[in-house]
Amino acid sequence: MNYVWIAAAVMLTAAAGITMIRLLAGPSTLDRLVALDTLVAVTMCGVGAWAAFSLDTTVTYGMAALALISFVGSVSVARFRVPDVGRMSPPGGSRDKSGNIRKQG
Amino acid sequence: MNVLDIVTAVLILGGSALALTAAIGVVRFPDTLTRMHAASKPQVLGLLLVLVGAAIRLSGHADVGMVILTGLFTLITAPVVANRVGQLAYREQNIRDDLLTRDEMRETGENGEPGGHDAH
C-alpha cells in the first residue's frame with residue numbers, strides 16, 4: 001500500500017509541475033485560465049489522496065471550498081477579462097472592420 | 001490488505017494517472033479548444049476516481065458527505081466553465097480551423113458572423 005501512495009504523490013506532483021508550464025507560457029488568457037483550472041483540480045486530487053492516506057477528514061472541507069472558489073474564479077475571469085489582441089488573433093478575429101476591439105459578452 | 005484496500009489503491013492510482021494525462025494534454029495540445037478538452041474531461045474523471053477512492057477509505061467517518069458534495073459540485077460546474085471558455089475561445093478565433101472537422105457554430109451564425117446560442 002505504501003508504494004501506491006508514493007506513486008500517486010509522484011504522479012500528482014508531476015501533473016502540477018507540467019501544468020505550470022502552460023500556466024506560465026500560455027499565449028492567451030484563456031489558455032492560462034484552462035491551466036489554472038487544471039492546477040486547482042490536481043490540487044483537489046492531492047487533497048483527496050491525502051485524506052485517504054492519512055484518514056484525516058478535516059481537509060475535506062478545504063476540498064469543497066477549493067471546488068467552489070475555482071468555479072467562481074473561472075467564471076468571473078471568463079466574464080470580465082480584457083480580451084487580448086495580438087499575435088494569436090488573426091485579423092478580423094477579435095477586431096471589427098474599423099479596427100476597434102469587438103465587445104466581448 | 002483486503003479487497004477494499006485494493007479497490008481504493010486502483011481508484012486513486014487511476015485518478016492520479018488521469019490527472020497526469022490531463023496535464024500532459026494541456027501542455028502538448030495545439031490550441032485553446034483542444035487544451036480545454038484535455039483539461040475538462042480526464043480531469044473531472046480523475047478527480048471523481050480519487051474522490052470515490054477517498055470516500056471508500058474514509059467510509060464510516062462523518063465527513064464523507066463533504067467528499068461526495070465536492071464530487072457533485074465538480075460534476076455540475078465543470079460543463080459551465082467549459083461552455084464559457086469554449087465560447088470565448090471560438091468567438092476570438094483562438095482556434096485552428098484546420099483541426100475542426102465540423103463547425104456547427106458557423107452554420108448557425110447570422111449574417112456571416114460566428115455566433116452562439118447566447119451570443120450578446
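Reader: At what angle do helix 2 of chain A and helix 1 of chain B pack?
Author: This is a predicted model, in which local features need pLDDT (the predictor's confidence in each residue, from 0 to 100) of at least 70 and side-chain atom pairs count only at pLDDT 80 or more, while totals for chains, interfaces and linings use all residues. Residues are numbered from 1 along each chain as its sequence is written, and chains are lettered from A and ligands numbered from 1 in the order in which they are written. The two helices (DSSP runs of H or I, at least four residues, numbered from the N terminus) have axes, fitted to C-alpha atoms over the stretch in contact, that lie 10 Å apart, and the angle, on a scale from 0 to 180 degrees between N-to-C directions, is about 165 degrees.

Reader: Are helix 2 of chain A and helix 1 of chain B roughly parallel or antiparallel to each other?
Author: Their packing angle is about 165 degrees, and angles over 145 degrees count as roughly antiparallel. The two helices are therefore roughly antiparallel.

Reader: Which element gives the most to the side of chain B that touches chain A?
Author: In total, 49 residues of chain B are in contact (C-beta atoms, placed from the backbone, within 7 Å) with 47 residues of chain A. Helices 1, 2 and 3 of chain B each give two or more residues to that side. The element that gives the most, with 15 residues, is helix 1 of chain B.

Reader: Which element of chain B has the lowest mean pLDDT?
Author: Chain B averages a pLDDT of 83. Among its elements, helix 1 has the highest mean, 92, and the lowest, 68, belongs to helix 4.

Technical notes: Contact = placed C-beta atoms within 7 Å. Parallel < 35°, antiparallel > 145°, perpendicular 65-115°, else oblique.
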